[in-house]
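Let's take a walk through a protein model together. Keep the picture in view and follow along as we go from one part to the next.

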Amino acid sequence: MSCNCGSCVSRGFICVPRGDDMSILFSVRDDDDDEFDISGASEITFIVAAGVWIGGSITPGGAVLLEKRLTDGEITIAGTGFQFVVDIDGADTADFTQTNNYYEVRVETSGGNAKTVSAGLFKSENTMIKDIV
């Protein structure tokens, strides 16, 4: 996502029903909206944190509820070299106590550069079927 400011973060919305499994695919692009090769990334970190509402938007704040890392084998770089997958399993969200949280993803390259590539709302709600089974 390009915004011509040189430092923008792609804003996103992720919804994972509480207690469900899901794979989330992220594409990394540079400021010109070209594919950005992350095949040699030294670390990718994905977090979900309790967020707070300020001015109608969710912003970072509160405890980290979930953390996944490339170096822990919890994130996989896709064959394209500019995409990666974060796998969420049911246990990751089963104990979330609030529906709306904040997520953020950061990529660190082997050259020591780091870039937050996506951030936004992480929504996790109970589902009816799960509640009646």
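**Finding your way around the strands**

Let's begin with two neighbours: S3 and S6 run antiparallel, and five bridges join them. To see one spot where they face each other, look for Ala49, which stands opposite Val64 in S6.

Before going further, keep in mind that this is a predicted model. How many helices and strands does the protein have? There are two helices and ten strands. Reading from the N terminus, the elements go β-β-β-β-β-β-β-β-α-β-β-α.

How far can you trust the picture? The mean pLDDT of the protein is 84, with 89% of its residues at 70 or more. Residues 1-6 are a different story: pLDDT stays under 50 there, and the model has nine contacts for them beyond four places in sequence. Where pLDDT is low, the predicted coordinates should not be read in detail.

Now back to the strands. S3 and S6 belong to an open sheet of five strands, ordered S1-S10-S9-S3-S6, and its pairing is mixed. At the edges you'll find S1 (10-15) and S6 (64-69), each pairing on one side only. From one strand to the next, the twist averages 20°.

Let's move along this sheet from its S1 edge. S1 and S10 run parallel and are joined by six bridges. One place to look is Gly12, whose bridge partner in S10 is Gly120. Next comes the pairing of S10 with S9 (residues 100-108), which is antiparallel and extends over nine bridges. Here you can spot Glu104 standing opposite Ala119 in S10. S9 and S10 also form a hairpin, with five residues between them. In its turn sits Gly112, with a positive phi of about 95°.

While you're looking at strands, here's a handy rule: in a regular strand the side chains alternate between the two faces of the sheet.

Is S10 enclosed or open to the outside? Eight of its ten residues are buried, so S10 is largely enclosed by the rest of the structure. Across the protein, buried residues make up 36% of the 133 residues.

Now for some rings. A search of the whole structure turns up six aromatic pairs. In one of them, the ring centres of Phe46 and Phe122 are 6.5 Å apart and the planes sit at 65°; planes over 60 degrees apart count as edge-to-face, so that is what we call this pair. The pair links distant parts of the chain, with Phe46 in strand S3 (residues 43-50) and Phe122 in strand S10 (residues 114-123), 76 residues apart. Are these two rings' residues buried or exposed? Phe46 has a relative accessible area of 0%, so it is buried. Phe122 also counts as buried, at 0% relative accessibility. Zoom out a little and you'll see one aromatic cluster formed by Phe26, Phe46, Phe84, Phe96, Tyr103 and Phe122.

There is another sheet to find. It is an open one of three strands in the order S2-S8-S7, with antiparallel pairing. Its edge strands are S2 (22-27) and S7 (75-77), and each of them pairs on one side only. In this sheet the twist averages 25° from one strand to the next. S7 and S8 (residues 83-88) pair over three bridges in the antiparallel sense. If you want one bridge to look for, try Ile75, whose partner in S8 is Val86.

Let's finish our tour of single residues with Glu125. Where is it? Glu125 lies in the loop between S10 and helix H2 (128-132). Its relative accessible area is 36%, so Glu125 is partly exposed. Setting aside neighbours within four places in sequence, Glu125 is in contact with Val16, Pro17, Arg18 and Thr99. You can also check Thr93: it is 32 residues from Glu125 along the chain, and their C-alpha atoms are separated by 9.2 Å.

Finally, step back and take in the whole protein. Of the contacts between residues at least 6 apart in sequence, 65% join residues at least 24 apart. The accessible surface comes to about 7300 Å², and 50% of that belongs to carbon and sulfur atoms.

Notes
Residues numbered from 1 in each chain as written. Predicted model: local features only at pLDDT ≥ 70, side-chain atom pairs only at ≥ 80, totals over all residues. Heavy atoms only, no water. Phe/Tyr/Trp six-rings, centres within 6.5 Å; stacked < 30°, edge-to-face > 60°. Helix = DSSP H or I, 4+ residues; strand = E, 2+ residues; numbered from the N terminus. Buried < 20%, exposed > 50% of the residue type's maximum accessible area, 1.4 Å probe, protein only. Pairing = 2+ DSSP bridges. Axes fitted to C-alpha atoms, helices over the stretch in contact; angles between N-to-C directions. Contact = heavy atoms within 4.5 Å. Areas by Shrake-Rupley, 256 points an atom, 1.4 Å probe, with all protein chains shown as cover. pLDDT = per-residue confidence, 0-100.
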